[in-house]
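User: I would like to go through the strands and the empty spaces of this model step by step, with the reasoning set out for each answer.

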Amino acid sequence: GPTPRPDVVPLPSGTHLLFAQSGKIEHVPLEGNNMMKSDAKALLHIPDKVIIGLAYDCVDKFVYWTDISGPSISRASISGGEPTTIVKTDLGSPEGIAIDYLGRNIFWTDSVLNKIEVSKLDGSNRRVLFDTDLENPRGIVADAAKGNLYWTDWNRVAPKIETSYLDGTNRRILVKDDLALPNGLTVDPYSSMLCWVDAGTKRMECMNPNQPGRRKIVEGIQYPFDVTSYGKNLYYTDWKRDAVVAVDRTISKENDSFQPHKRSRIYGITTAYSQCPQGQNYCAVN
Amino acid sequence: DSTAGTSSDCQPCPCPGGTSCAVVPKTKEVVCTNCPLGTTGKRCELCDDGYFGDPLGENGAPRQCKLCECNNNIDPNAVGNCDRLTGECLKCIYNTGGFYCDRCRDGFFGSALATTPELKCRACNCNPYGTVKGKTTCSGLTGQCECLPNVTERDCSACVPGFYNLLSGRGCEGCNCNAIGSTN
């Protein structure tokens, strides 16, 4: 069916972008489709950690992150509060992290163990979802309302974007042609549009996962690592620009960028919605 | 605290090169906010991901943060390529291994330092029937697998002349042919 125009979905106020830069998580408030750059500040400072992936639980308002230096997976309330480590054993290099806010589960990719794992939000009930046909799994995202999981694998020989249901069934390759280094991906919770950034093809692309065809949003970008969506904008982090770049996906145009004072790589990025999108999935009632 | 009205209200940031710092409101802790390139940490005492060293000399003599040195056997798209303090390479590719990705990893042989990936490290592929205890590792340099008695070839895949039955898994057995009735 037709996708709703992203610029007419009413956006909850009090929403923020969260992104990871070395040992800190920064936040930038969003007002409509604008980054409130002058109000950007560090949310969490954990200088001895190397934070890669970020995910946000819109129910409890907690941020979750992966740390490759531990390695570990931790969380903290965004209204302040001490970080708590929830997973610290049997990890190699945890990179991407995703939350099914309805089923109350976290999912993560591990590029050393070559696995995708799942657990409850507190790290309990941990289980391996996939441990085959993974070479460099990185970005992962859950479409809670639709019950789908998506992830990237930047295996230079055979890069791909895969999908499965949130319980790990119905795994299949969604995209494999014309990819090089698909690093990050995101799903817009309102339109279910899947978008990704590729540091090899230097493109940002989007598709409706239920339909054939994909659309190039921008080309010739520098070195994208992760991406998140909010309203009509997509926000990606860039290793060469050391910046967060905003792209209007309706008109395929960069419209803003934010470069933190400290020059170093920016890794994961996620949208901290002030309220959860409506929806229910089968994992929530199990 | 610039509001207390004493001469010690504002103090210089304890950061390298006089770079900026901030005070964490809750803990009153001072944190450097603009560490020099490649460094991070509360006092810029750590190296960023992709770099290694010990800029403030917390573990011996100070060493500036340098890019990971892994003999071109790491992928620039990977994260966590080397240990931030020691420089130990953690994500060697092309089947290489060792502290600096300078050797072939177990089960592979060749030259980890060769210029093209195809020339680097190849699988030992030892023949399981001809190899001692079914070992899968070989000499990292020559690729010679450890052969059972009377078994030959790099991968222990053949019997030496005058012997047969490689598939016994115990080494090859003598043919015991009568010298008079045999052609050679």
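Analyst: In this predicted model, A:Thr186 is found in strand E17 of chain A.

User: Is A:Thr186 buried or exposed?
Analyst: The cut-off for a buried residue is under 20% relative accessible area. A:Thr186 has a relative accessibility of 6%, and therefore it counts as buried.

User: Which backbone nitrogen lies 3.5 Å from a polar atom of the side chain of A:Thr186?
Analyst: The side chain of A:Thr186, a residue of strand E17 of chain A, has a polar atom with a backbone nitrogen at 3.5 Å. That nitrogen belongs to A:Ser229.

User: Which strands stand at the edges of the open sheet that contains E17 of chain A, and why is one side of each left without a neighbour?
Analyst: The open sheet is formed by four strands of chain A in the order E17-E18-E19-E20, with antiparallel pairing. Each edge strand has a single partner strand, so one side of it has no neighbour in the sheet, and the strands in this position are E17 and E20 (215-219) of chain A.

User: What does the twist average from one strand to the next in that sheet?
Analyst: The sheet in question is the open one with the order E17-E18-E19-E20 in chain A. Going from one strand to the next, the twist averages 20°.

User: Which residue of E18(A) does A:Gly184 stand opposite?
Analyst: E17(A) pairs with strand E18 (residues 194-198) of chain A in the antiparallel sense, over five bridges. Opposite A:Gly184, in E18(A), stands A:Val197.

User: How many residues line the second largest pocket, and which of them lie nearest its centre?
Analyst: This pocket has a volume of about 610 Å³. Its lining is made up of 39 residues, and those nearest the centre are A:Ile99, A:Val141, A:Ala142, A:Thr186 and A:Thr270.

User: Which element gives the most to the lining of the second largest pocket?
Analyst: The elements of chain A that give two or more residues to this lining are the strands E5 (51-57), E9 (94-100), E13 (137-143), E17 (182-187), E21 (224-230) and E25 (266-272). By kind, the lining residues divide into 22 nonpolar, twelve polar and five charged. The element that gives the most, with six residues, is E13(A).

User: What is the volume of the largest pocket?
Analyst: Of the 39 residues that line the largest pocket, A:Ala42, A:Leu43, A:Leu44, A:His45 and B:Val24 lie nearest its centre. Strands of chain A that supply two or more lining residues include E2 (24-31) and E4 (41-45), and strand E1 (21-23) of chain B does so too. The largest share, five residues, comes from E4(A). The space in this pocket comes to about 1100 Å³.

User: How do the residues of the lining of the largest cavity divide into nonpolar, polar and charged?
Analyst: The largest cavity has a volume of about 100 Å³, and residues of its lining include A:His45, A:Lys262, B:Cys32 and B:Cys35. The lining divides into three nonpolar, seven polar and two charged residues.

User: Which strands each supply at least two residues of the lining of the second largest cavity?
Analyst: About 30 Å³ of space lies in the second largest cavity. Its lining consists of A:Asn148, A:Tyr150, A:Thr163, A:Arg172, A:Leu174, A:Pro209 and A:Asn210. The strands that each supply at least two of the lining residues are E14 (148-153) and E16 (172-175) of chain A.

User: Why is strand E23 of chain A largely enclosed by the rest of the structure, and how many of its residues are buried?
Analyst: In a regular strand, side chains alternate between the two faces of the sheet. On one side of E23(A), A:Ala243, A:Val245 and A:Val247 are buried, and on the other side A:Val244, A:Ala246 and A:Asp248 are buried too. E23(A), residues 243-248, is therefore largely enclosed, the number of buried residues being six of the six.

User: Which residue in the hairpin of E22(A) and E23(A) takes a positive phi?
Analyst: Strand E22 (residues 233-238) of chain A runs antiparallel to E23(A) and is joined to it by six bridges, with A:Ala246 as the bridge partner of A:Tyr235. Four residues lie between the two strands, and the phi near 50° belongs to A:Asp242.

User: Which residue in the turn between E23(A) and E24(A) has a positive phi?
Analyst: E23(A) is joined by five bridges to strand E24 (residues 253-258) of chain A, and the two run antiparallel. A:Val245 has A:Ser257 in E24(A) as its bridge partner. The hairpin has four residues between its strands, and the phi of about 55° in the turn is that of A:Ser252.

Notes. Residues numbered from 1 in each chain as written. Chains lettered and ligands numbered in written order. Predicted model: local features only at pLDDT ≥ 70, side-chain atom pairs only at ≥ 80, totals over all residues. Heavy atoms only, no water. 1 Å grid on protein atoms, 1.4 Å probe; cavity = no way out; pocket = protein on both sides within 12 Å on 5 of 7 lines; lining within 4 Å. Points joined across faces, edges and corners; volume = space filled by probe spheres on them. Nonpolar A, V, L, I, M, F, W, Y, C, P; charged D, E, K, R; others polar. Pairing = 2+ DSSP bridges. Axes fitted to C-alpha atoms, helices over the stretch in contact; angles between N-to-C directions. Buried < 20%, exposed > 50% of the residue type's maximum accessible area, 1.4 Å probe, protein only. Polar contact = N/O pair within 3.5 Å; in protein donor to acceptor, adjacent residues only side chain to side chain.
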